[in-house]
Amino acid sequence: DRETNEIFEFGPFHLDVVDARLSRDGAPVSLPPKVFDLLVYLVSRAGRLVEKEELLRALWPDSFVEEANLTVNVATLRRALGTREDGQNWIETVPKRGYRFSPDVK
C-alpha cells in the first residue's frame, strides 16, 4: 500500500520507499526488511499515534506474532536512527498504546 514517489526526509535522513533505501547524510543505513517496513509505516504517519495492534496487522498480516517482536524491531530501528539534534528519540513510545514518529518529516 505504498504510494508512488514516496521520499521522506527527517533530520539527516533520506528515506526512499520505492528503492527501499535509507541514508544518513548520504551514507547508506542498513536495516533488516521488517525494520525498514516499520520505519516506512511510522514515517508515513509521522506525528500520529500508531497503535501496536495496527502495526502488528500491517507488518505481519498473515501471521500471529508476539508484541515482543514489535518491541525488538522498534529497538533495532531506534539504534539505527540514534537521537535527534535535540536529544529526543525519533520514535516516541506511548505507554500501553503504541508509537509516534517525530512530526518533523518532509
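**Close-up 1. The contacts of leucine 70.** Leucine 70 touches Leu38, Lys52, Leu55, Leu56, Leu59, Trp60 and Tyr99, leaving aside residues up to four places away in sequence. The model shown here and in the other views is predicted. Leucine 70 lies in helix 3. Its relative accessible area is 0%, so leucine 70 counts as buried. Glycine 98 is 28 residues from leucine 70 along the chain. The C-alpha atoms of leucine 70 and glycine 98 are separated by 10.0 Å.

**Close-up 2. Helix 3, its two faces and its end.** Helix 3 covers residues 67-81, 15 residues in total. At 1.5 Å a residue, helix 3 should span 21 Å, and its end C-alpha atoms are 21 Å apart, so the two values agree. Which residues of helix 3 are buried? They are Leu70, Asn73, Val74, Leu77 and Leu81. These residues cover an arc of only 100 degrees around the axis, which puts them on the same side of helix 3. The face turned away from that buried side carries exposed residues, Val72 and Arg79. Glycine 82 follows helix 3. The phi of glycine 82 is positive, near 70 degrees.

**Close-up 3. Helix 1, a mostly covered helix.** Helix 1 runs over residues 33-43. Of its 11 residues, 8 are buried, so the helix is mostly covered. The buried residues are Val35, Phe36, Leu38, Leu39, Val40, Tyr41, Leu42 and Val43. Several of them reappear in the next two views, among them Leu38 and Leu42, which take part in the contacts with helix 2 and in those with helix 3.

**Close-up 4. Helix 1 against helix 3.** Two packed helices are described by the angle between their axes and the distance between the axes. The axes of helix 1 and helix 3 come within 9 Å. They cross at roughly 80 degrees. Helix 1 and helix 3 are therefore roughly perpendicular to each other. On the helix 1 side, the contact residues are Lys34, Val35, Leu38, Leu39 and Leu42. They meet Leu70, Asn73, Val74, Thr76, Leu77 and Leu81 in helix 3. Leu70, seen in the opening view, touches Leu38 of helix 1.

**Close-up 5. Helix 1 against helix 2.** Helix 2 spans residues 52-59. Helix 1 and helix 2 pack at an angle of about 130 degrees, and their axes are 11 Å apart. That angle makes helix 1 oblique to helix 2. Is the crossing of helix 1 and helix 2 left-handed or right-handed? The crossing is right-handed. Helix 1 contributes Lys34, Asp37, Leu38, Tyr41 and Leu42 to the contact. Their partners in helix 2 are Glu54, Leu55, Ala58 and Leu59.

**Close-up 6. The buried residues of helix 2.** In helix 2, Lys52, Glu54, Leu55, Leu56 and Leu59 are buried. What covers these residues? Their cover includes helix 1, strand 5 (49-51), helix 3 and strand 7. Leucine 70 of helix 3 touches Lys52, Leu55, Leu56 and Leu59, among other residues.

**Close-up 7. The loop between strand 2 and strand 3.** Strand 2 covers residues 13-16, and strand 3 covers residues 21-24. Aspartate 19 lies in the loop between them. Its relative accessible area is 42%, so aspartate 19 is partly exposed. Aspartate 19 and glutamate 6 are 13 residues apart in sequence. In space they are 9.5 Å apart, C-alpha to C-alpha. Alanine 20 is also placed in the loop between strand 2 and strand 3. With a relative accessible area of 49%, alanine 20 is partly exposed. Most residues other than glycine have a negative phi. The phi of alanine 20 is positive, near 55 degrees.

**Close-up 8. Lysine 96 in the loop between strand 6 and strand 7.** Strand 6 covers residues 91-94, and strand 7 covers residues 98-101. Lysine 96 is placed in the loop between these strands. Is lysine 96 buried or exposed? Its relative accessibility is 80%, so lysine 96 counts as exposed. Lysine 96 is not a glycine, although its phi is positive, about 65 degrees. Phenylalanine 8 and lysine 96 are 88 residues apart in sequence. Their C-alpha atoms are 28 Å apart in space.

Conventions
Residues numbered from 1 in each chain as written. Predicted model: local features only at pLDDT ≥ 70, side-chain atom pairs only at ≥ 80, totals over all residues. Heavy atoms only, no water. Buried < 20%, exposed > 50% of the residue type's maximum accessible area, 1.4 Å probe, protein only. Helix = DSSP H or I, 4+ residues; strand = E, 2+ residues; numbered from the N terminus. Expected span 1.5 Å × (residues − 1). Arc of directions from axis to C-beta. Axes fitted to C-alpha atoms, helices over the stretch in contact; angles between N-to-C directions. Parallel < 35°, antiparallel > 145°, perpendicular 65-115°, else oblique. Left-handed = near helix turned anticlockwise from the far one by under 90°. Contact = heavy atoms within 4.5 Å.
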